[in-house]
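Colleague: Hi! Have you got a moment to go through this one with me?
Modeller: Sure, let me put it up and then ask away.

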There are 2 protein chains.
Amino acid sequence: MHRAILDKNDRLAERNRGFFRARGLLVLNFLSSPGSGKTTFIREAVRALQPKLKAGVIVGDLATDNDARRLRESGAPVVQITTGTVCHLEAEMVGRAVKQIDLNGLNLLIIENVGNLVCPASYDLGEDLRIVLLSVTEGEDKPLKYPPMFQSADAVIISKIDLAQACGYDREAALANIRRVAPKAQVFETSAKTGQGMDAWCQFVAQQHQARSERDPLSL
Amino acid sequence: MHRAILDKNDRLAERNRGFFRARGLLVLNFLSSPGSGKTTFIREAVRALQPKLKAGVIVGDLATDNDARRLRESGAPVVQITTGTVCHLEAEMVGRAVKQIDLNGLNLLIIENVGNLVCPASYDLGEDLRIVLLSVTEGEDKPLKYPPMFQSADAVIISKIDLAQACGYDREAALANIRRVAPKAQVFETSAKTGQGMDAWCQFVAQQHQARSERDPLSL
């Protein structure tokens with residue numbers, strides 16, 4: 001049963017991917033625990049990218065439109081998916097949500113998944129890149145304890161770096177654990193509050209967008 | 001299918017509950033996001049309760065025995081359940097794990113669930129009380145955004161209160177949001193690091209144990 005749901009999801013995800021590529025969109029799927037700072041990070045990144053890349057945002061939550069309202073402060077169009085009791089986004093939900101966004105003039109689609117470090121890892125949404133956030137407050141061992149999520153990451157954003165000292169954050173241990181589980185993921189150390197690391201992140205996104213616009217959109 | 005799994009789980013959970021009551025155990029199911037401080041809190045609480053109540057601990061993780069090792073520092077017997085890719089504990093796993101603990105002389109069984117603020121809410125393990133942790137670093141809106149978990153809580157532990165100032169924690173908002181979703185839950189503001197609030201917590205656990213030992217163990 002679970003297998004069949006995933007098969008259907010994988011097909012719809014590829015459909016999404018083809019659609020997104022035809023529209024020239026770079027699509028990022030943001031994943032993390034609840035409270036690691038996805039919404040604030042995305043809001044600040046969308047603002048910083050604005051001169052170069054125009055973004056639309058899809059945000060999934062069990063309940064409330066708190067995050068959608070916060071994301072709208074960035075000026076980007078935002079569509080909320082309310083999942084009820086469902087612990088992850090699925091390709092079909094994203095396919096429905098994207099129809100509510102005017103994609104003309106957009107270069108970037110950011111999907112903020114449900115806060116959950118386990119289940120969303122199994123669901124391809126048709127994204128180009130998976131971005132996993134890990135806040136310094138969560139503990140350095142999380143990559144080892146939640147390997148499926150971190151193994152699937154194309155980039156890992158260490159967030160709330162401004163709180164590093166207050167939490168006794170062990171930078172070397174965190175980086176070593178990320179590298180062990182996700183050796184190819186690019187790592188960004190950031191604070192959406194102070195702005196630290198946001199330039200490097202924006203540069204990465206712009207490069208990824210550029211690289212994709214030069215590639216065959218229908219290749220696997 | 002999901003329904004059928006839950007029905008079976010509910011029956012096994014009641015079986016566990018009857019077994020635990022016959023052994024005079026108070027059983028606590030600890031739930032939260034990854035990184036909210038469950039393991040440290042439980043380790044310190046087990047130590048502080050030791051003179052009055054002897055605890056055994058069952059801990060669930062997708063991978064690694066990091067938490068089991070940290071919990072053993074409390075002196076309590078600890079059994080690890082490695083779930084692989086499963087995002088929650090089930091009654092059957094707990095039933096198997098409890099057979100590996102010598103229950104003679106124990107008054108308390110603490111179950112540390114997989115770090116996940118969504119899925120474990122649906123799975124009764126046979127516990128007496130559900131304890132949901134919320135760290136001050138996660139944001140005050142989490143009870144509203146993850147209502148099934150907080151609605152099921154008998155007690156809410158606000159953890160890492162020592163970081164409140166560094167995170168700009170809004171105490172009134174957090175308490176108001178908890179009360180809105182879980183009006184009957186007792187709330188404890190704690191820091192396992194500084195010891196703040198740990199006495200009140202231990203007193204609560206001792207009272208709960210006492211109250212249950214005076215009640216018909218087979219009543220619903």
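**Chatting through the interface and beyond**

Modeller: Between chain B and chain A there are 7 residue pairs in polar contact, with both residues at pLDDT 80 or more. Keep in mind that this is a predicted model.

Colleague: Noted. Which elements of chain B give two or more residues to the side that touches chain A?
Modeller: Those are helix 3, helix 5 (142-145), helix 6 (147-151) and helix 7 (164-167) of chain B. By class, that side of chain B has 16 nonpolar, 8 polar and 9 charged residues.

Colleague: And how many residues does the contact take from each chain?
Modeller: It takes 33 residues from chain B and 33 residues from chain A.

Colleague: How much area do chain B and chain A bury between them?
Modeller: About 2500 Å², and 62% of that is on carbon and sulfur atoms. Pro34(B), Val118(B) and Lys145(B) supply 22% of the area that chain B buries against chain A, more than any other three residues.

Colleague: What does Lys145(B) form a salt bridge with?
Modeller: Its partner is Asp67(A), and the closest N and O atoms are 2.6 Å apart. Across the interface of chain B and chain A there are 4 salt bridges.

Colleague: What turn lays chain B on chain A?
Modeller: A turn of 180 degrees, with a shift of 0.0 Å along the axis, and the RMSD is 0.0 Å. That is the relation of a two-fold axis.

Colleague: Then why do you say the copies meet through the same surface?
Modeller: Because 100% of the interface residues of chain B are also interface residues in chain A.

Colleague: Let's leave the interface. How many salt bridges are there over all chains?
Modeller: The count comes to 34. One of the pairs is Glu92(A) with Lys8(A), at 3.5 Å from N to O. Glu92(A) lies in helix 4 (residues 91-98) of chain A and Lys8(A) in helix 1 (residues 2-22) of chain A, so this pair ties together parts that are 84 residues apart in sequence.

Colleague: Buried or exposed, or partly exposed: what is Glu92(A)?
Modeller: Glu92(A) is partly exposed at 38% relative accessibility. Lys8(A) is partly exposed too, at 45%.

Colleague: Which salt bridge does Arg130(B) form?
Modeller: Arg130(B) pairs with Glu127(B), where the closest N and O atoms are 2.8 Å apart. Arg130(B) counts as buried because its relative accessibility is 8%, and Glu127(B) is buried at 5%.
Modeller: Lys142(B) and Asp141(B) make another salt bridge, with their closest N and O atoms 2.9 Å apart. Both of these residues are buried.

Colleague: Which residues are linked in a network of salt bridges?
Modeller: Arg43(A), Glu44(A), Arg47(A) and Glu73(A) are linked that way. As a general point, side chains of opposite charge can pair when their charged atoms come close.

Colleague: Switching to the backbone now. What is phi of Lys160(A)?
Modeller: It is near 55 degrees, a positive value in a residue other than glycine. Lys160(A) is found in the loop between strand 6 (155-159) and helix 7 (164-167) of chain A. At 18% relative accessibility, under the 20% cut-off, Lys160(A) counts as buried.

Colleague: And what about phi of Thr64(B)?
Modeller: Thr64(B) has a positive phi as well, of about 70 degrees, although it is not a glycine. Its place is in the loop between strand 2 (55-61) and helix 3 (66-72) of chain B. With a relative accessible area of 25%, Thr64(B) is partly exposed.

Colleague: One more threonine, please. Where is Thr83(B) found?
Modeller: Thr83(B) sits in the loop between strand 3 (78-82) and helix 4 (91-98) of chain B. Thr83(B) counts as buried, at 11% relative accessibility.

Colleague: Which residues does Thr83(B) touch?
Modeller: Leaving out residues up to four places away in sequence, Thr83(B) touches Asp61(B), Leu62(B), His88(B), Leu89(B), Met93(B) and Val114(B). In addition, a polar atom of the Thr83(B) side chain lies 2.8 Å from the backbone oxygen of Val86(B).

Colleague: Lovely, thanks for the tour!

Definitions and conventions. Residues are numbered from 1 along each chain as its sequence is written. Chains are lettered from A and ligands numbered from 1 in the order in which they are written. Side-chain values use heavy atoms; hydrogens and water are left out. Helices (H or I, at least four residues) and strands (E, at least two) are DSSP runs, numbered from the N terminus. Buried means under 20% relative accessible area, exposed over 50%, partly exposed in between (1.4 Å probe, protein chains only). A polar contact is a pair of N or O atoms within 3.5 Å; within protein, one must be able to donate a hydrogen and the other to accept it, and residues adjacent in sequence count only if both atoms are side-chain atoms. Contact means heavy atoms within 4.5 Å. Copies are superposed by least squares on the C-alpha atoms of residues with pLDDT of at least 70 in both. Buried area is the accessible area (1.4 Å probe) that two parts lose on being put together, summed over both. A salt bridge is a side-chain nitrogen of Lys or Arg within 4 Å of a carboxyl oxygen of Asp or Glu. Ala, Val, Leu, Ile, Met, Phe, Trp, Tyr, Cys and Pro count as nonpolar, Asp, Glu, Lys and Arg as charged, and the others, Gly among them, as polar.
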